[in-house]
Amino acid sequence: MRTFAKSDKLHGVCYDVRGPVLDEANEMKKQGIEILQLNIGNPAPFGFTAPQWILDAVREALDNPMSQGYSESCGILPAREAIKEYHEEKGLVNVNLDHIYIGNGVSEMISIAMQGLLNNGDEILIPSPDYPLWTAAAKLAGGNPVHYLCDEQSGWYPDIADMEKKITDKTKGIVIINPNNPTGALYPKELLEQIVELARRYELIIFADEIYDRLVFDGKKHISIASLAPDLFVVTFNGLSKSDRIAGFRSGWMVLSGDLSKGKGYIEGINMLSSMRLCANVLAQHVVVPALKKRPDVDPLLLPGGRLYEQRKCICEAIDRIDGISVVRPEGAFYCFPKVDAKRFGIVDDEAFILDFLRKEHVLLVCGRGFNWPEPDHFRIVYLPETTVLTESMEKMNQFLEKYYR
């Protein structure tokens, strides 16, 4: 029977989130050049504001002496109770308040989860493309990230055969990102059940990044994979940065659920790491209850006429009009991951392609290999800007490609 122990060493490496494209964009902005930024998933600069009840909760918390000091390392009790109720509504079982950890965003929780799990040489399955912090956090912990492919021809769903082929006796867990960043794919129940069966067969922990679970289009429903795996050890990540447009508050959490009997050592490691950073931002913890209790059944932004719905429609239609680029229509989050005909345009380095586009047309994107995609033929678009900006950016891409061959 496979068991999971806490990491016995913590390793430190530098994870550089910059790079030549962003450096170039920053230099251009210093020179007064206006840049159309389609590179970062931060709603605030694009006019998305937090719900009023969240702002009211912050004002009230400012006058509360208890919000001015440290909290328990795992988070304030009312917030953890609200998180427990939210995830139980989504079908999670065996959720204990002591196994809910509130952090400074999901990013911090991912780092803690990987540090607690991985020793030197341990492997963790991570999707390709992925949110790159997962790969970086695994490496930081001394582990070896192994990327399984998501299939563009199948709506960017994980390739189950490729996933199983990459499981070894060193594999400790499987990461899924659902809805996915950068593709916007939303995974159906049948696919999630296949992933659960793999985890069950090989006795692996499932790490479910579900930060975009409330940003789903077309009347579809997000299914939490933990609800399909009550007999497995599942770690679910969620938060308010995206759904409630408060990325700067750094309000996220992780929930351990299912059968935790084989994870005693791992849980000890998580508790130790959680205590080492004292606690998450206490003011931000006070917004969790109103955010989860007062949330609408459906966010108007996701309905026809809503900004995110219309911006998704706009960017997909604009891409469809460009010869040499295609895109799978996203079903969640606010990203898409278009494919460019690399052979036709002579692209062998996607970073160089994105840099050429930035210099020529002053539009900032992120290259596909920044998300651990193996080929130089994709890039990510964040469709948070207004439709006029999205249309202009793709018109610039169209005219750029008409004369481009690297």
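Reader: Why is Gly263 called buried?
Author: This is a predicted model, and in it Gly263 has a relative accessible area of 0%. Buried means under 20%, so Gly263 counts as buried. You'll find Gly263 in the loop between β9 (251-258) and α8.

Reader: How far apart are Gly263 and Asn39?
Author: Along the chain they are 224 residues apart, and their C-alpha atoms are separated by 38 Å.

Reader: What makes Gly91 partly exposed?
Author: Gly91 has 30% relative accessibility. Partly exposed runs between the 20% and 50% cut-offs, so that value puts Gly91 in the partly exposed class. Gly91 sits in the loop between α3 (77-89) and β2 (100-104). From Gly91 to Leu365 the C-alpha distance is 37 Å, with their places 274 residues apart in sequence.

Reader: How do you know that the buried residues of α1 are on the same side?
Author: Start with who they are: in helix α1 (residues 20-30), the buried residues are Val21, Ala25 and Met28. They cover an arc of only 60° around the axis, so they end up on the same side of α1. There's a general rule that fits here: an α-helix has 3.6 residues a turn, so residues three or four places apart point the same way.

Reader: What covers the buried residues of α1?
Author: The cover includes α13 (350-361) and β13 (363-364). And just after α1 comes Gly32, with a positive phi near 90°.

Reader: Which residue that is not a glycine has a positive phi of about 65°?
Author: That's Leu278. Look for Leu278 in the loop between α8 (264-276) and α9 (282-285). Its relative accessible area is 44%, so Leu278 is partly exposed, as that value falls between 20% and 50%.

Reader: What about Asn372, buried or partly exposed?
Author: Partly exposed: Asn372 has 24% relative accessibility, and buried would need a value under 20%. Asn372 also has a positive phi, about 60°, although it is not a glycine. Its place is the loop between β14 (366-367) and β15 (379-382).

Reader: What makes the peptide bond from Ser128 to Pro129 stand out?
Author: That bond is cis, with omega near 5°. Pro129 belongs to the loop between β3 (123-128) and α5 (133-140). The bond from Asn178 to Pro179 is cis too, with omega near -5°. Pro179 is in the loop between β6 (171-177) and α7 (189-202).

Reader: Which residues lie nearest the centre of the second largest pocket?
Author: Those are Asp213, Arg214, Pro296, Asp297 and Val298, out of 32 residues that line the pocket. The space in this second largest pocket is about 760 Å³.

Reader: How many residues of the pocket's lining are nonpolar, polar and charged?
Author: The lining of the second largest pocket has 15 nonpolar, five polar and twelve charged residues. Among the residues nearest the centre, Asp213 and Arg214 belong to kinds that count as charged, while Pro296 and Val298 belong to kinds that count as nonpolar.

Reader: Where does pLDDT stay under 50?
Author: Over residues 4-17, and the model has 40 contacts beyond four places in sequence for that stretch. Where pLDDT is low, the predicted coordinates should not be read in detail. Across the chain, pLDDT averages 93, and 95% of the residues score at least 70.

Terms used. Residues are numbered from 1 along each chain as its sequence is written. This is a predicted model: local features need pLDDT of at least 70, side-chain atom pairs count only at pLDDT 80 or more; totals for chains, interfaces and linings use all residues. Side-chain values use heavy atoms; hydrogens and water are left out. Helices (H or I, at least four residues) and strands (E, at least two) are DSSP runs, numbered from the N terminus. Buried means under 20% relative accessible area, exposed over 50%, partly exposed in between (1.4 Å probe, protein chains only). On a 1 Å grid over the protein atoms alone, a cavity is a set of points where a 1.4 Å probe fits but cannot get out, and a pocket is an open set with protein on both sides within 12 Å along at least five of seven lines; lining residues have an atom within 4 Å of a point. Grid points are joined across faces, edges and corners, and a volume is the space filled by probe spheres set on the points. The arc is that of the directions from the helix axis to the C-beta atoms. Contact means heavy atoms within 4.5 Å. pLDDT is the predictor's confidence in each residue, from 0 to 100.
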